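Q: Could you pick one part of this model and take me through it up close? Once I've got that, I'd like to hear about the rest too.

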Amino acid sequence: MSTVPSPPPAAAPPAPVSPVQARALADGVLPPVEQVRPGIWTVAVPFRFGVPDATLVYVVEGSDGVLTVIDPGWDEDGSLDVLSAGLAAMGRAVSDVGHVVVTHLHADHLGAAAALRRASGAQVAMHGLEVRALDDERVDAERHETDIATWGIPDDLRAGVSAAWGTGRRMGLGATERPFADVLLDDGDVLPVAGRTIRALWTPGHTAGHLSFVDQQDGLLFTGDHVLPRINSGIGLGGRTDTNPLGDYLASLARLDAYAELEVCPGHEYRFSDVVTRARTLARHREERSRHVAAALDVLDAPTLFEVASRVPFSGGIESMSGFLLASALTQTAFHADLLGRADEIRPA
């Protein structure tokens, strides 16, 4: 009999601002190009590997006619076919792109940046911590491998976790090109979009250098993977950090209180409003996880990390997980234990 408690009822996701995007998501198809504001559009670029979802790419036109692309999505052999078709639907072309701005280092956001730079001459901008994570990827992978050996994972699952999280891990899917960024962005920096004031907002947690972008003039908040309407984004999915990614994430969610009136333009799914309510729902989800981790530590005597995680009600249960999902669940369990001040109660296997 399972000792894992049932998760609490999930909060209802926010209503879509874009019914077109929500309907396309429900139907499992790509939404069409959509104008968000005058001079601002979304283009949906499909995931690779048959994942039934897409990255929402945002195209912003400056007063000089130069385009800025936020999160260009996957690189399909450098073809840029979907993005090119989307730009054509706006009456524009890849050659009109002067800037590529990336919320974070994951391949579904950064992947096409190098191909777009080659095709247009655009400069790529990203937070310096994301560049460092990509530079340190192989060193971090070796350190992950050392961690994996201490987690108490069943033998039949070890190889899959190692391939996805240890020495086999490739955050950029092995195709991300140096220089990863031509321009480094920091908190509060203004994007080089003529006639618009769009500021970088540092929102670490999902990755260490994750950025959101605030466009007060147009009433928009571009959130990447920091806040999504239905998905609870993973934590600590970039490089290794000196701080607890869970603590960073909760602090980043609290920063969004200042932007309650802005429409949310996330990296996936659909646009929505009321970011504060959604952020508080995400924070409560993490607080609930912390309570489960604390309860497990209360009853287990010197458990391994896997034993603690086995008592946390992850979606589908940890017994259904392998590879990357299992590694993510285990590392997030460790973040919770650390934030509780109880990491020393977990026994290395």
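A: Let's start with a pair of residues: Met126 stands opposite Leu184, which belongs to strand E7. Keep in mind that this is a predicted model. The part I'd zoom in on is strand E6, made of residues 123-127. E6 is mostly covered, with four of its five residues buried.

Now look at what sits beside E6. One neighbour is E7, residues 183-185, and three bridges join it to E6. Those two strands run parallel. Another neighbour is strand E5, residues 97-101, which is also joined to E6 by three bridges and also runs parallel to it. You can find some of the facing residues yourself: His99 stands opposite Gln123 of E6, and Val101 has Ala125 of E6 as its bridge partner. If you're wondering where the side chains go, in a regular strand they alternate between the two faces of the sheet.

There's a helix here as well. Helix H5, residues 128-135, lies across E6 and E7 and runs at about 90 degrees to E6.

Zoom out a bit and you'll see that E6 belongs to an open sheet of seven strands, in the order E1-E2-E3-E4-E5-E6-E7. The pairing in this sheet is mixed. Who's at the edges? That would be strand E1 (34-37) and E7. Each of them has a single partner strand, so one side of each has no neighbour in the sheet. From one strand to the next, the twist averages 30 degrees.

While you're in this sheet, follow the loop between strand E3 (54-61) and strand E4 (67-70), which is where Asp64 sits. The side chain of Asp64 reaches the backbone nitrogen of Val66 at 3.1 Å. Asp64 also shows how a chain can fold back on itself: Ala194 is 130 residues away in sequence, yet the two C-alpha atoms are 6.1 Å apart in space.

There's another open sheet to find, this one with four strands in the order E8-E9-E10-E11 and again with mixed pairing. Its edge strands are E8 (199-202) and E11 (263-266), and since each has a single partner strand, one side of each is left without a neighbour in the sheet. On average, neighbouring strands here are turned by 25 degrees against each other, ignoring direction. Inside this sheet, E10 (residues 220-224) and E11 run parallel and are joined by four bridges. Phe222 has Cys265 in E11 as its bridge partner.

Next, the charged side chains. The model has 16 salt bridges. Some join up: Glu34, Arg37, Glu263 and Arg271 are linked in a network of them.

Another one to find is between Arg291 and Glu288, where the closest N and O atoms are 2.6 Å apart. Both residues sit in helix H9 (residues 275-299), and because they're three residues apart there, about one helical turn separates them. Glu288 has 23% relative accessibility, so it counts as partly exposed.

Then there's Arg342, which forms a salt bridge with Asp298 at 2.9 Å, N to O. This pair links distant parts of the chain: Asp298 is in helix H9, Arg342 is in the segment after helix H11 (323-339), and they are 44 residues apart. Is each one buried or exposed? Arg342 has a relative accessible area of 17%, so it is buried, while Asp298, at 56% relative accessibility, counts as exposed. Arg342 also forms a salt bridge with Glu345, with 2.8 Å between the closest N and O atoms. Glu345 has 30% relative accessibility, so it counts as partly exposed.

Last thing: how far should you trust the picture? The protein chain averages a pLDDT of 92, and 94% of the residues score at least 70. Over residues 1-7, though, the pLDDT is below 50, and beyond near neighbours in sequence that stretch has nine contacts in the model. Where pLDDT is low, the predicted coordinates shouldn't be read in detail.

Terms used:
Residues are numbered from 1 along each chain as its sequence is written. This is a predicted model: local features need pLDDT of at least 70, side-chain atom pairs count only at pLDDT 80 or more; totals for chains, interfaces and linings use all residues. Side-chain values use heavy atoms; hydrogens and water are left out. Buried means under 20% relative accessible area, exposed over 50%, partly exposed in between (1.4 Å probe, protein chains only). Two strands pair if DSSP finds at least two bridges between them. pLDDT is the predictor's confidence in each residue, from 0 to 100. Contact means heavy atoms within 4.5 Å. Axes are lines fitted to C-alpha atoms, for helices over the stretch in contact, and angles run from 0 to 180 degrees between N-to-C directions. A salt bridge is a side-chain nitrogen of Lys or Arg within 4 Å of a carboxyl oxygen of Asp or Glu. A polar contact is a pair of N or O atoms within 3.5 Å; within protein, one must be able to donate a hydrogen and the other to accept it, and residues adjacent in sequence count only if both atoms are side-chain atoms.
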